[in-house]
Amino acid sequence: MKNVDLIINARWCLPMTAEQLVLENHSIVIHEGNIVALLPQTQAEQLYQATQTQNMDEHCVMPGLINNHGHTAMSLFRGLADDLPLMTWLNNHIWPAEQQFVGDAFVEAGSALAIAEMIRGGTTCFSDMYFFPEATARVVDSSGIRASLGMVVIEFPTNWAKDVNEYLHKGQALHDKYRHHPRITTNYAPHAPYTVSDQTLQAIIINAEELDLPIQMHIHETATEVSDSVAQYGKRPLARLKDLGLLSPRLIAVHMTQLTEEEMDWCAEAGVHIAHCPESNLKLASGFSPIADLIKRGVNITIGTDGAASNNDLDMFAEMRQAAILAKGVAGDPSVVPAYQALQMATINAAKSLGIDSVTGSLEIGKAADIIAIDLSEIETQPFYDLPSQLVYATGRDKVSDVWVAGKQLLKQRQLTTLNAQHVSAQAQQWATKIRSVS
Ligand SMILES: CSC[C@H]1O[C@@H](n2cnc3c(O)ncnc32)[C@H](O)[C@@H]1O
Ligand SMILES: [Zn+2]
């Protein structure tokens, strides 16, 4: 008998390693944060002795979800400015509010709120793009979640940095500080084609190559972005970025709602990843990303919620369902984006885009134990025929009962274990009082 830290016995297990592989009555054996075995429960009982055993008798366990694009601290702006198109929302509401309120304390409180919501919704890893990422990093560190934090660049002065040099310098400092952290990685995060110059993008491409990092950027979010670029540069944004050499497997292009056939071919040829944010795109009426056409070409599609100021939640279960359903409507074909594919987008595809698929994104021996348990015993998930279908089309985030990241339990029977829910809520309410009083 081998001694191990934890065994999770699950009625159903969806490891996300091979299409439609559903394991029944299996055990996930975890030691020092990693998965050391995944085998039938009867065998596990003979081979391993665990310090702790968790029986998930009516649950499905699967890899934690990866929210591949968001602005965590913006959770404090949830509901501040709704029902507006993107540029009105940004220019008249969000950017002025950010100028007034965003700082280290705001980002720490907003990140705690967002991370608490994500853990309760089964998200074990997120990719972020926001100011004061060191404040987010502190909450990532203390909460136990996993994250890829953006080294942001936006070419106007903000409370975070006054010019490009300062943005790049502060980004580099973040990278240096966390380069050996077991759960924090970094990415370059130039905001958008309309806020970052050619020269800066060229510098970012070189830096990303040197540090071997992904680059995330809002691209082709709206038709206005595309027509403005044609007026300013004589090119659509993607053509401009292609000429600069940005299209590569490093790039995670966020949104991509406006795409020609030729542009989709470029993405496929260059190995560009896409962070599809269907709810944010729908709410801002930005358009729809043609993900079924992109998938046909072999483009790796991942899913993000975007910030809670535009979504207005960080619910990856809702986002998976929206991605699957919207794709069918846009393609006029119900067979596109079946449930399993939506689950892949929210797990292994995102891990690949972030360069962390050797660590997370599926339940496999040697990977970190980033695991969620979903209770399938309730009325809403009866009867039961097909596990992926049930998870995407019938289950909600409220059915996530338990969450582990690197083997540490962050949610236990729906209770947060590393964040104080009352304190997080109280802080958010205090910020709202302040924001309300001056808005
Ligand atoms: C450089 S930090 C991120 C920056 O992006 C803003 N933002 C939030 N959501 C969106 C979106 O959907 N499109 C473009 N920009 C967005 C956020 O407010 C920060 O200023
Ligand atoms: Zn965004």
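Mentor: Helices (H or I, at least four residues) and strands (E, at least two) are DSSP runs, numbered from the N terminus. This is a predicted model, in which local features need pLDDT of at least 70 and side-chain atom pairs count only at pLDDT 80 or more, while totals for chains, interfaces and linings use all residues. Residues are numbered from 1 along each chain as its sequence is written, chains are lettered from A and ligands numbered from 1 in the order written, and side-chain values use heavy atoms, without hydrogens and water.

Trainee: In which loop is Met16 found?
Mentor: Met16 has a positive phi of about 65° although it is not a glycine, whereas most residues other than glycine have a negative phi. Its place is the loop between strand S1 (2–13) and strand S2 (23–31).

Trainee: Which helix gives the largest share of the shell around ligand 1?
Mentor: The shell consists of 18 residues, with Trp95, Glu98, His191, Glu221 and Asp306 the closest, and a residue belongs to it if one of its heavy atoms lies within 4 Å of the ligand. By class, eleven of these residues are nonpolar, four polar and three charged, where Gly counts as polar. The largest share, six residues, comes from residues 86–101, which form helix H2.

Trainee: How much of the accessible area of ligand 1 does the protein cover?
Mentor: Polar contacts (pairs of N or O atoms within 3.5 Å) link a side-chain atom of Glu221 to a nitrogen atom of ligand 1 at 2.6 Å, and one of Asp306 to an oxygen atom of the ligand at 2.9 Å. A polar side-chain atom of His255 lies 3.5 Å from an oxygen atom of ligand 1. Of the 460 Å² that ligand 1 has on its own (Shrake-Rupley method, 1.4 Å probe), the protein covers 100%.

Trainee: How many residues apart in sequence are the parts that Phe106 and Trp431 tie together?
Mentor: Among the six aromatic pairs in the whole structure, whose ring centres must lie within 6.5 Å, Phe106 and Trp431 are 5.3 Å apart, centre to centre. Their planes are 85° apart, which makes the pair edge-to-face (over 60 degrees, against under 30 for stacked and the rest for tilted). Phe106 lies in helix H3 (residues 104–120) and Trp431 in helix H16 (residues 421–438), so the sequence separation of the parts tied together is 325 residues.

Trainee: What is omega for the peptide bond from Gln382 to Pro383?
Mentor: Pro383 lies in the loop between strand S13 (371–375) and helix H15 (387–394). Its bond from Gln382 is cis, with omega near -15°.

Methods:
Polar contact = N/O pair within 3.5 Å; in protein donor to acceptor, adjacent residues only side chain to side chain.
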